[in-house]
Amino acid sequence: MKAFEYAAPRRESELAGLFSGRPGATAVLAGGTDLVGLMKKMIVAPDRVVNIKEIASLYGISADSAGVTVGAVTRLDEMLDSADLDAFPAVKQAIRGINSMQLQSQGTIGGELCQRPRCWYFRNGCGLPTELGRMVERGDNRYHAIFGNRGPAKYVSASRIAPALVALGASVRIVGPASGEAVEGPPKNGAPVAQDGNALGEAIMPLADFFVTPRAPHQGETVLDPDQIVTHIHIPRDEQIASATYEVRQSEGPEYPLAAAAAALRIEAGVVTEARIVLGQVAPVPWVSEAAAAAIVGQAVTPESARAAGEAAVARATPLSQNRYKVQLARVSVERAILQAAGLETGGF
Amino acid sequence: MNRDQLARIAVGDDERGGVSRRAFIKGSGAAAAATAIAQGAIVMADEAPTSTAVVGPEATAITMTVNGRQRTVSAEPRATLLEVLRTQLDLTGAKPVSSDGSSGASTVWLDEKPVSASTTLAIECEGKSVRTVETLGGVKPDPVVSAFAAHDAMQCGFCTPGFVVAVRAFLDKNPTASEDEIRAGLNGNLCRCGTYANVIAAALDVVKGGSNG
């Protein structure tokens with residue numbers, strides 16, 4: 001690990017003075033289950049690590065009639081134990097799928113969303129994505145993308161929970177240094193407003209737009225620029241929405257799935273009137289399948305209609321040389337996520 | 001997103017809420033835009049914002065409670081909890097196996113939650129409470145330790161301390177766990193010798209023996 005400076009702010013406002021603006025200079029530490037391993041391998045080598053777990057406002061789960069807000073450093077096991085999240089089975093099923101007590105009690109929801117790709121080229125120091133695209137195309141791409149893989153990025157988005165959250169219409173709050181004039185008056189008591197250009201700003205956006213496919217080496221896997229962090233995730237409440245996550249895994253251990261899907265369905269009088277189907281582990285972003293949603297809307301959920309939605313989801317897949325098998329797994333994931341959301345037997349094991 | 005896309009918020013947010021959750025929910029409803037949303041509700045604190053101390057990269061003093069005793073060590077921010085436990089505090093139960101925590105061999109309790117000491121920085125534990133496998137041994141060992149011995153739940157033994165902590169932590173939370181639940185609960189620990197069957201038998205014994213205090 002490269003030596004680094006360390007800070008553990010206790011308030012969101014203190015973040016303003018800790019960022020340098022240089023890409024890669026500062027790493028944000030939450031649970032550390034991904035970052036610390038990456039720093040040991042020097043894949044990530046920051047000059048400063050900012051531990052955001054001591055910021056009280058970033059911690060905890062709160063619910064009201066509009067929905068549930070989860071602070072970014074809330075641990076995954078706390079989400080599992082929270083009755084407020086019972087209304088979102090897709091989220092709890094995704095967390096359960098992580099299958100490791102240690103990862104669940106150490107890992108945070110913000111870190112889970114911001115974890116880096118598991119791509120073994122990336123994890124062995126080849127970077128993302130640049131000329132890697134060609135390397136992956138010719139090389140061992142059995143775990144790589146079958147959608148959204150025509151550009152240089154061929155890896156798959158790592159987050160296990162994002163497909164469920166995107167399907168449920170979650171949004172994310174981002175905080176970071178902002179430019180422009182301060183909204184308030186002059187800085188008081190030496191507060192770091194404006195003086196150093198490090199005033200804080202925030203943005204709230206749909207989680208679906210948070211993940212992006214990089215086209216060039218300096219671009220990341222999310223919209224986050226250097227020094228921006230996720231602070232909260234909000235899931236809108238809708239009693240009529242049934243949801244589920246289905247993952248296909250190679251073993252019972254804490255491995256990443258080969259394919260996954262989350263389904264959020266509005267079922268009225270036995271018929272699906274609204275659907276959001278999001279695939280995981282198949283594209284550089286959580287992959288929203290409008291084709292699958294269109295196939296199931298207007299139908300009753302049956303083994304046949306779920307299968308048709310699965311087939312619609314993968315009709316335009318573009319597998320690489322070694323991952324054609326994932327097309328079948330993605331199809332089955334969609335089919336079973338839909339069945340599971342509707343409370344039907346999914347089959348398989 | 002670039003700096004211009006972020007709406008300025010007031011520094012000096014209060015200690016409890018940061019930017020109010022109400023404002024977040026309001027902004028993140030159905031019509032949430034991909035661009036920044038201007039913030040109306042701003043929570044101002046009475047006191048001036050404080051700045052955060054930056055330490056390192058050289059060694060700095062870290063104070064934590066380890067197995068019930070307050071200990072102060074001197075370590076660089078990059079030192080992991082596992083390194084500090086093993087090389088400075090002579091607590092060599094937790095083992096370095098995988099550098100990324102995937103083996104579970106370095107499992108310890110941090111504020112009574114099972115975590116991987118190899119992916120936890122020592123400096124993160126400032127002011128926190130760490131408990132290691134050593135607290136389960138001694139003249140009157142924990143029932144989990146006795147059950148591991150009775151069932152010969154080890155071969156080379158290198159993964160054993162992590163497994164013992166994991167079993168203890170899992171059974172503390174799930175005192176009447178079934179075999180299937182135990183299997184699922186121990187998925188975060190790996191044994192290269194393949195002693196899983198005996199580990200699970202030992203854990204089941206603790207559940208059945210009612211000695212799962």
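Start by selecting helix α3 of chain A: its buried residues (buried means under 20% relative accessible area, exposed over 50% and partly exposed in between, with a 1.4 Å probe and protein chains only) pack against α2 (76-80), α4 (101-106), α8, β8 (229-236) and β9 (241-248) of chain A. Helices (H or I, at least four residues) and strands (E, at least two) are DSSP runs, numbered from the N terminus.

Before you go on, note that this is a predicted model, in which local features need pLDDT of at least 70, side-chain atom pairs count only at pLDDT 80 or more, and totals for chains, interfaces and linings use all residues. Residues are numbered from 1 along each chain as its sequence is written, chains are lettered from A and ligands numbered from 1 in the order in which they are written, and side-chain values use heavy atoms, with hydrogens and water left out.

**Stop 1: helix α3**

Helix α3 of chain A spans residues 89-97, and its buried residues are A:Ala90, A:Val91, A:Lys92, A:Ala94, A:Ile95 and A:Gly97. Now step just past α3(A) to A:Asn99, which takes a positive phi of about 60°.

**Stop 2: the cores**

Keep A:Val91 selected and add A:Ile161, A:Leu165 and A:Phe210: these have the most contacts inside the largest nonpolar core, a group of 43 residues. Such a core is a set of buried Ala, Val, Leu, Ile, Met, Phe, Trp, Tyr and Cys residues joined through side-chain atoms within 4.5 Å. Helix α8 of chain A (residues 162-167) gives the most to this core, with 5 residues. Apart from it lies another core, of 40 residues, with A:Phe4, A:Tyr6, A:Val136 and B:Ile62 among them.

Next, centre on A:Phe210. Leaving out residues up to four places away in sequence, A:Phe210 touches several residues, including A:Leu113, A:Val172, A:Met205 and A:Val230; contact means heavy atoms within 4.5 Å.

**Stop 3: aromatic pairs**

How many aromatic pairs does a search of the whole structure find? There are 4 over all chains. Rings of Phe, Tyr and Trp (its six-membered ring) pair if their centres lie within 6.5 Å; planes under 30 degrees apart count as stacked, over 60 as edge-to-face and the rest as tilted. Select A:Phe147 and A:Trp287: their ring centres are 5.3 Å apart and their planes stand at 20°, so this pair is stacked. The two are 140 residues apart, with A:Phe147 in the loop between α7 and α8 of chain A and A:Trp287 in strand β12 (residues 287-288) of chain A. A:Phe147 is buried at 4% relative accessible area, while A:Trp287 is partly exposed at 26%.

Return to A:Phe210 and add A:Phe211. Here the centres are 5.1 Å apart and the planes are at 85°, so the pair is edge-to-face. Both A:Phe210 and A:Phe211 are buried.

**Stop 4: helix α12**

Move to A:Ile338 in helix α12 (residues 325-341) of chain A. Is A:Ile338 buried or exposed? A:Ile338 is buried, with a relative accessible area of 0%. Pick A:Ala263 as well: the two are 75 residues apart in sequence and 5.6 Å apart in space, C-alpha to C-alpha. Beyond its neighbours within four places in sequence, A:Ile338 also contacts residues including A:Leu265, A:Ile277 and A:Val301.

**Last stop: chain B**

Finally, colour chain B by secondary structure to find 6 helices and 7 strands. Of its 213 residues, 50% count as buried in chain B.
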